[in-house]
Amino acid sequence: MVALVIALALFFDFTNGFHDTANAMATPIATGAIKPRTAVALAAVLNLVGAFLSTEVAKTVSGGIIREGSDGIQITPDIIFAGLMGAILWNMITWLKGLPSSSSHALFGGLIGAAIAGIGLHSVNFTSVLQKVLLPAVFAPVIAALVAYICTRLAYALTARHDPETGNKLTQKRGGFRTGQIFTSSLVALAHGTNDAQKTMGIITLVLIAAGSQAPGTGPQLWVIAACALAIAIGTYSGGWRIIRTMGSGLTEVKPAQGFAAETSTAAAILASSHLGFALSTTHVASGSVIGSGMGRRGTTVRWGTAGKIVIGWLFTLPAAGIVGALTALLVHTGTVGFIIAAVAGTAAVVYMFVASRKSHVGSHNAVEVEEAGQAIRFAKKKAAAVSRGNKSKGGRK
Amino acid sequence: MKWLELFQVAGATLVAAVLITVLYSLGVRLTAIAGDSRTEQPGWVRPLSYACFGLCGLAVLAGLYLIIPYFSK
């Protein structure tokens with residue numbers, strides 16, 4: 001049971017990785033700053049590094065959301081198994097739909113649902129849920145969008161060049177932002193590693209403590225850190241291309257200066273929040289930044305339809321993952337047979353969604369999207385090769 | 001409700017992001033000016049653009065220094 005839960009947790013970490021590649025790498029891929037393959041490789045390495053940099057968060061992962069410990073409520077591996085099931089399934093569904101949704105919300109939703117079904121309503125600390133999960137979810141995109149908007153306006157205002165005599169526009173020469181994007185997106189990837197790999201470490205540590213093979217109150221063991229770092233890096237490298245497409249070209253057309261501003265805001269928000277202890281979701285922040293930077297450049301339209309779909313996805317994340325988690329918890333509660341049914345059904349659903357992802361969106365469809373993104377940049381000649389290569393690798397993935 | 005922390009995070013985000021964007025944008029702009037072939041440019045433009053990029057990099061490093069617990073503890 002414990003081994004199975006750990007495997008499931010690592011798989012969740014994997015889905016978390018490929019779900020969130022888009023947060024860091026969608027905008028540089030869209031502007032052609034980094035080739036798609038290189039981008040995901042870079043993100044993977046930085047996630048790996050980030051996971052090792054800080055393990056402070058890992059101890060406090062479920063921190064207070066589910067009343068644990070001395071009050072008599074014991075989180076069992078069963079509950080965690082059910083919660084992870086809900087989180088993974090929701091991650092797969094949103095990935096299939098190409099929606100950037102928060103992996104941490106999926107995890108919290110699954111755990112909350114499983115705890116309610118498996119233990120009872122009293123096991124969940126709803127004040128804590130409101131403070132730690134719901135309110136940040138409202139504020140994160142707002143703050144990020146506002147900051148990204150200001151930064152985009154500033155970046156364009158500072159680099160706008162006019163001929164002093166005629167007042168005509170000169171060549172703007174904003175190519176430098178493309179180079180800058182490499183660094184800012186790397187920073188986002190690093191921040192993601194320090195944040196998201198921690199959750200899985202926390203979960204595995206929780207299971208180990210619950211199973212009695214680790215002393216309570218101790219931090220994650222080295223092999224747990226290494227396994228989680230690897231899982232999230234592999235997930236990142238496998239690339240959630242569908243979500244990258246939504247973030248890179250679905251919300252708004254991103255140009256280098258916008259991408260730079262958006263990524264700077266994302267990185268600043270995530271790092272500030274993880275340092276100051278007001279946890280914001282990477283996905284919420286990144287989506288907010290992209291929308292904000294889209295509003296900041298004149299002549300850009302934000303596709304509010306797509307933005308609305310994403311927000312609806314966010315609203316459903318907690319309850320949907322919670323329901324799956326609850327159902328799994330009920331099944332597991334009935335005994336070994338129920339547990340096997342839950343495990344088989346979960347695996348079948350994941351495999352089904354994977355097969356479904358292969359069927360839809362073949363080659364030509366995504367090619368259009370990427371070409372559109374390629375045209376958004378000015379140096380079409382230099383980037384044409386990169387774009388066509390990107391198409392190929394994208395086509396192969398689907 | 002931890003309003004103070006919320007405002008702290010919002011403020012820190014704003015300050016850090018604006019600082020880096022302004023520095024980098026200035027760098028980009030100065031590089032563009034230095035690259036203009038039609039007009040003569042004073043000699044300090046290009047070094048100043050490098051200084052902007054350098055300061056920007058320093059700001060990022062300072063941020064990382066604050067965040068990684070290994071350094072700040």
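**Exercise 1.** In this predicted model, find how many residues chain B and chain A each bring to their contact, and describe the side of chain B.

*Solution.* Start with the totals: chain B supplies 31 residues and chain A supplies 33 residues. Next, look for the elements of chain B that give two or more residues to the side touching chain A; these are α1 (3-35) and α2 (45-67). Of the elements in chain B, α1(B) gives the most, with 23 residues. Finally, sort this side of chain B by class: 20 residues are nonpolar, eight are polar and three are charged.

**Exercise 2.** Work out how helix α1 (residues 2-31) and helix α7 (residues 222-238) of chain A pack.

*Solution.* Two numbers are needed here, because a packed pair of helices is described by the angle between the axes and the distance between them. For this pair the angle is about 40°, and the axes lie 7 Å apart. An angle of about 40° therefore makes α1(A) oblique to α7(A). The handedness comes next: the two helices cross in a right-handed way. Now list who makes the contact: α1(A) contributes residues including Leu10(A), Phe14(A) and Phe18(A), while α7(A) contributes, among them, Cys228(A), Ile232(A) and Ile234(A). Sorted by class, the contact has nine nonpolar, seven polar and one charged residues.

**Exercise 3.** Find which residues touch the most other members of the largest nonpolar core, then follow Val207(A) to its contacts.

*Solution.* The largest nonpolar core holds 125 residues. Those touching the most other members are Ala9(A), Met25(A), Ala43(A), Leu84(A), Val207(A), Cys228(A) and Ala269(A). Take Val207(A) and leave out residues up to four places away in sequence: it touches Val2(A), Val5(A), Ile6(A), Pro77(A) and Ile80(A).

Key: Residues numbered from 1 in each chain as written. Chains lettered and ligands numbered in written order. Predicted model: local features only at pLDDT ≥ 70, side-chain atom pairs only at ≥ 80, totals over all residues. Axes fitted to C-alpha atoms, helices over the stretch in contact; angles between N-to-C directions. Helix = DSSP H or I, 4+ residues; strand = E, 2+ residues; numbered from the N terminus. Parallel < 35°, antiparallel > 145°, perpendicular 65-115°, else oblique. Left-handed = near helix turned anticlockwise from the far one by under 90°. Contact = placed C-beta atoms within 7 Å. Nonpolar A, V, L, I, M, F, W, Y, C, P; charged D, E, K, R; others polar. Core = buried A, V, L, I, M, F, W, Y, C linked by C-beta atoms within 7 Å. Buried ≥ 20, exposed ≤ 12 C-beta atoms within 10 Å, placed from the backbone.
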